[in-house]
Amino acid sequence: MLSGRRLNLLDPSPLDIEIEDIAHGLARVARWNGQTLGTQIYSVAQHSLLVDAIAGHFAPSISQTTRRAVFLHDAAEYVIGDIISPFKSVIGEAYHETEARILEAVMRRFDLPAPMTRIAQDLAKKADRAAAYLEATRLAGFSDEEAGAIFGVPPRFASPVHSLLTPWHAEEAKSRFLARFAELTPDRRA
């Protein structure tokens, strides 16, 4: 990692995880395999901010601990990338186990329950599916009907959610990701 940390993918240690490495990596990992409109990729860092905003819409009174876990739901992708779901199925259990190990180390690093609580998992999944629908229809060329059949049709969201659907440069995505993490982390000695 740029921080100088070395992360063992088979046995990841929370001590080898830095939020700056996560933000840097996620800001450079493309959602939708880069098959989105615009001159910039739509990054996993930006997707994380979108999921966070949608989670706030669905559950405005959840704890900051749960909200932080939801925000970090794709953090493992800073190391292993964002692989589309159909290909994850082809790769199989080894991919899922590696992803789970890294995500659990991330959660422990930031004093969050590992594995994620059922409440955090359910909210992350619900917000992630709504985000995928919005990304599919606004960025990846899906029709409303096609995206609805795959992801379900989410409720209408306020404009702050929609403002997160314009791809940013990597440095902006990284900066905004770090700023939101700081807001969700009351005592940032991490």
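Here is a walk through this structure, from its core to its largest pocket and then out to a few unusual spots in the loops. Keep in mind that what you're looking at is a predicted model.

Let's start on the inside. In soluble globular proteins, nonpolar side chains tend to be buried together. In this model, the largest nonpolar core is made up of 59 residues. If you want landmarks, look for Ile22, Ile54, Leu72, Phe110 and Phe177, which have the most contacts inside that core. Plenty of helices chip in: helix 1 (19-26), helix 2 (44-58), helix 3 (64-71), helix 4 (77-80), helix 6 (93-109), helix 7 (118-138), helix 8 (144-151) and helix 10 (170-184) each provide at least two core residues. Helix 7 is the top contributor, with 10 residues.

To get a feel for the packing, zoom in on phenylalanine 177. Setting aside its neighbours within four places in sequence, Phe177 is in contact with Ile19, Ile22, Ala23 and Leu26, with Ala45, Ser48 and Leu49, and with Phe71 and Leu72.

Now for the open space. The largest pocket holds about 1,100 Å³. It is lined by 30 residues, and those closest to its centre are His73, Asp74, Lys88, Glu99 and Asp128. What sort of residues make up the lining? There are 14 nonpolar, 4 polar and 12 charged ones. Helix 5 (85-91), helix 6, helix 7 and helix 8 each bring at least two residues to this lining. Here, helix 7 gives the most, with 8 residues. So helix 7 is a good one to keep in sight: it is the leading supplier to the largest nonpolar core and to the lining of the largest pocket.

Finally, the loops have some backbone surprises. Most residues other than glycine have a negative phi, and most peptide bonds are trans. Take the loop between helix 6 and helix 7, where you'll find both aspartate 111 and proline 115. Aspartate 111 isn't a glycine, yet its phi is positive, at about 55 degrees. A little further along, the peptide bond from alanine 114 to proline 115 is cis, with omega near 0 degrees.

The loop between helix 1 and helix 2 has its own example in tryptophan 32. Its phi is near 60 degrees, again positive in a residue other than glycine. Is tryptophan 32 buried or exposed? It counts as buried, because its relative accessible area is 17%, below the 20% cut-off. Aspartate 111, on the other hand, is exposed, because its relative accessibility is 68%, over the 50% mark.

Terms used. Residues are numbered from 1 along each chain as its sequence is written. This is a predicted model: local features need pLDDT of at least 70, side-chain atom pairs count only at pLDDT 80 or more; totals for chains, interfaces and linings use all residues. Side-chain values use heavy atoms; hydrogens and water are left out. A nonpolar core is a set of buried Ala, Val, Leu, Ile, Met, Phe, Trp, Tyr and Cys residues joined through side-chain atoms within 4.5 Å. Buried means under 20% relative accessible area, exposed over 50%, partly exposed in between (1.4 Å probe, protein chains only). Helices (H or I, at least four residues) and strands (E, at least two) are DSSP runs, numbered from the N terminus. Contact means heavy atoms within 4.5 Å. On a 1 Å grid over the protein atoms alone, a cavity is a set of points where a 1.4 Å probe fits but cannot get out, and a pocket is an open set with protein on both sides within 12 Å along at least five of seven lines; lining residues have an atom within 4 Å of a point. Grid points are joined across faces, edges and corners, and a volume is the space filled by probe spheres set on the points. Ala, Val, Leu, Ile, Met, Phe, Trp, Tyr, Cys and Pro count as nonpolar, Asp, Glu, Lys and Arg as charged, and the others, Gly among them, as polar.
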